[in-house]
Amino acid sequence: MEEEEVQKAVIAYLRKKGFSLTDLSLQEEQNRVSASSGSDLPVSRLENDPARYCDSYSKLRSWAYSLLDAYKHELLRVLYPVFVHCFIDIMEGGLVHEARNFFRTFREDHEIMHLRDLQKLEGINSPLQLEEIELARSLRQNKFRIKMCEYSYELLLQYLQKTQSFTMLGVINEHINFEVSTGQPTSASDNVDFVTIEGRNGARQINQNEVHWGLLEDSEHLDRALSDSEKAESENKEVNPEENKKRSLDGAKQSISIKKAKKDKIVGAVGKNGRSETSAASVAPRMKPELTLPVMPLEVEQAILDDLRNRVQLNSLALPSINFYTVVNTHNSLNCLTISQNGSLVAGGFSDSSLKVWDMSKIGQTEKTSCLLEENESSKNENLPATERKRSYTLFHGHRGPIYSATFSPLGDFLLSSSSDSTIRLWSTKLNANLVCYKGHNYPVWDVQFSPAGHYFASSSHDRTARIWSMERTQPLRIMAGHFSDVDCVQWHANCNYIATGSSDKTVRLWDVQSGECARIFIGHRSMIVSLAMSPDGRYMASGDVDGTIMMWDLSSGRCVSPLVRHNSCVWSLAFSCEGTLLASGSADCTIKLWDVTSSTRAPRADNKSSTSNRLRSLKALPTKSTPVYTLQFSRRNLLFAAGALSKCS
């Protein structure tokens with residue numbers, strides 16, 4: 001009797017404090033103990049009874065679909081995590097046939113949102129494979145986080161308490177964390193990360209760390225030098241008015257200059273937003289580098305200043321010119337392409353372990369009427385004399401497996417390549433030779449990227465790590481570990497103090513290069529992330545996945561600011577314009593799309609409480625004839641370079 005009184009007192013206390021789920025869990029445990037004491041069946045067999053799982057899930061599903069539309073979409077979010085863990089629980093009990101029947105019965109409800117995950121889970125045919133398959137292991141080790149309003153949450157609690165559905169309650173308690181918000185239910189279109197998987201430590205705690213997203217102090221020096229040179233030029237024009245008159249004596253030239261002046265005036269009138277964004281970027285916080293960066297040569301600094309003076313200001317009404325390089329006759333063996341900063345060099349990595357570099361000045365001399373890069377010219381030139389049978393590219397050999405990534409240094413004098421042989425190689429574009437082979441990864445290296453200042457580079461691999469290297473050392477300086485699956489892409493922050501990594505675990509992480517610790521976790525994608533880009537001011541980041549989704553993130557808060565804009569296929573490349581007003585995306589659907597960044601990053605109005613984010617506005621879609629877009633690169637003058645291999649687009 002004394003034990004029963006204690007239990008009643010505990011239940012009364014829980015109800016008084018409003019701990020409804022804890023109250024239900026306690027009742028479930030009491031029923032389980034009483035059932036096990038009065039039954040000859042083992043407890044594990046009762047817990048994994050497939051009929052009980054199937055019946056409870058079916059009732060929960062019917063109840064969720066019968067709700068009002070205002071709350072239905074929030075409570076339907078609970079079904080997928082419950083479905084997955086019911087299947088895993090039944091399979092874990094050794095009831096393979098019953099588990100597969102349960103999976104086939106309710107699979108159709110989740111195919112639209114979670115098709116890739118379902119295809120992986122469908123291959124589980126025994127309890128042992130729950131440990132072998134990475135997705136199943138990740139689901140068991142982590143919890144789902146679901147966002148919903150307070151009223152929807154109360155509806156769910158009332159249902160579980162009224163129906164005494166302890167099976168569903170156990171699954172929900174063990175594998176789901178709820179993020180309850182006051183007010184109206186969230187919109188499914190606005191709230192992109194409504195169902196996500198988070199680690200036991202949780203992304204929320206990590207995202208409370210401070211991120212210094214400003215630019216380097218050296219960039220302020222360049223801005224000052226640029227403004228001084230512009231003032232000097234304007235003074236020279238005022239001092240020598242006679243020389244200016246002589247330059248415009250030709251009538252035809254004068255008319256052209258007048259038309260150009262009118263055009264510039266129109267563009268200037270409509271491009272005020274672009275200039276305001278540029279000024280906003282120039283006043284971004286200035287940071288000291290945590291790495292020892294190389295000193296910039298004077299001639300390089302002068303060349304950068306010349307480019308900045310001649311930069312075209314881009315905005316939603318002044319779109320960039322695009323120079324597209326197409327590689328033909330690749331026979332589906334070209335894995336990656338990269339373009340140097342000024343567009344003079346293009347490099348491609350192939351499945352036969354070869355690396356080829358095309359010099360655009362030589363291409364222009366041999367084929368003035370064509371922009372095509374001929375990868376296989378043997379049949380074309382077999383009838384020519386040996387002296388004329390010259391390659392239009394420089395061929396590098398050294399890797400022992402397919403090359404998956406390549407990147408030029410900021411000055412174009414060095415080239416990095418990564419391969420399935422788990423190595424990274426440094427090549428000299430001036431000496432046309434391999435200089436260093438970097439070994440450290442244990443599995444294929446999917447991506448490698450030079451830092452904005454050169455000298456340092458970052459790599460990502462199948463071994464679930466990203467690593468930071470310097471050119472003079474053959475061993476990595478830092479190892480970033482924390483992803484649950486392959487690290488597929490890597491990108492440097494503008495101030496070189498952080499790197500971002502995208503993974504097959506559907507998350508993006510931001511890492512501090514000095515400490516090697518994770519500073520941010522960005523959750524919201526529904527498939528593996530394969531492309532990343534940082535805004536020039538260092539405040540925003542864009543990420544693209546294999547489903548064609550692009551998301552914009554605020555690094556300071558860790559939140560998505562513009563979700564769910566789409567291509568029809570994998571987004572292979574992303575690039576911000578130099579002032580950060582436009583975002584270019586290249587996809588396997590054979591299109592380049594230009595997006596207005598300023599509209600998406602603008603703060604929402606106070607009277608618009610229903611929307612939590614601004615969607616990226618599409619400015620233009622530029623289809624290629626039949627060429628998937630492998631890479632994009634804005635020059636310092638805001639010319640957009642792009643490249644791809646000719647193939648059949650679906």
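In the predicted model, the charged end of Arg509 is placed over the ring of Phe484, at 6.0 Å from the ring centre. A second arrangement of this kind involves Lys356, whose charged end sits over the ring of Phe350, 4.6 Å from its centre.

Aromatic side chains also pair with one another: 21 aromatic pairs are found when the whole structure is searched. In the pair formed by Trp63 and Tyr159, the ring centres are 4.6 Å apart and the planes lie at 20°; because planes under 30 degrees apart count as stacked, this pair is classed as stacked. The two residues belong to distant parts of the chain, 96 residues apart, with Trp63 in helix 4 (residues 50-65) and Tyr159 in helix 11 (residues 150-163). Trp63 has a relative accessibility of 17% and therefore counts as buried. Tyr159 is likewise buried, its relative accessible area being 9%.

One aromatic cluster is formed by Tyr57, Phe83, Phe87, Phe102, Phe103 and Phe106. Among these residues, Phe83 and Phe87 also take part in the contact of helix 6 with helix 8. The packing of two helices is described by the angle between their axes and the distance between the axes. For helix 6 (residues 79-92) and helix 8 (residues 111-121), the axes come within 12 Å and cross at roughly 5°. Helix 6 is therefore roughly parallel to helix 8. On the side of helix 6, the contact is made by Tyr80, Phe83, Val84 and Phe87, and on the side of helix 8 by His114, Asp117, Leu118 and Leu121. Classified by residue type, this contact between helix 6 and helix 8 comprises six nonpolar residues, one polar residue and one charged residue.

Backbone geometry was examined as well. Most residues other than glycine have a negative phi. Lys506, although not a glycine, has a positive phi of about 75°. Lys506 is located in the loop between strand 21 (498-503) and strand 22 (507-512). A positive phi, near 70°, is also found for Asn638, again a residue other than glycine. Asn638 lies in the loop that runs between strand 32 (631-634) and strand 33 (640-645). With a relative accessibility of 2%, Asn638 counts as buried.

Key: Residues numbered from 1 in each chain as written. Predicted model: local features only at pLDDT ≥ 70, side-chain atom pairs only at ≥ 80, totals over all residues. Heavy atoms only, no water. Phe/Tyr/Trp six-rings, centres within 6.5 Å; stacked < 30°, edge-to-face > 60°. Helix = DSSP H or I, 4+ residues; strand = E, 2+ residues; numbered from the N terminus. Buried < 20%, exposed > 50% of the residue type's maximum accessible area, 1.4 Å probe, protein only. Lys NZ or Arg CZ within 6 Å of the ring centre and 35° of its normal. Axes fitted to C-alpha atoms, helices over the stretch in contact; angles between N-to-C directions. Parallel < 35°, antiparallel > 145°, perpendicular 65-115°, else oblique. Contact = heavy atoms within 4.5 Å. Nonpolar A, V, L, I, M, F, W, Y, C, P; charged D, E, K, R; others polar.
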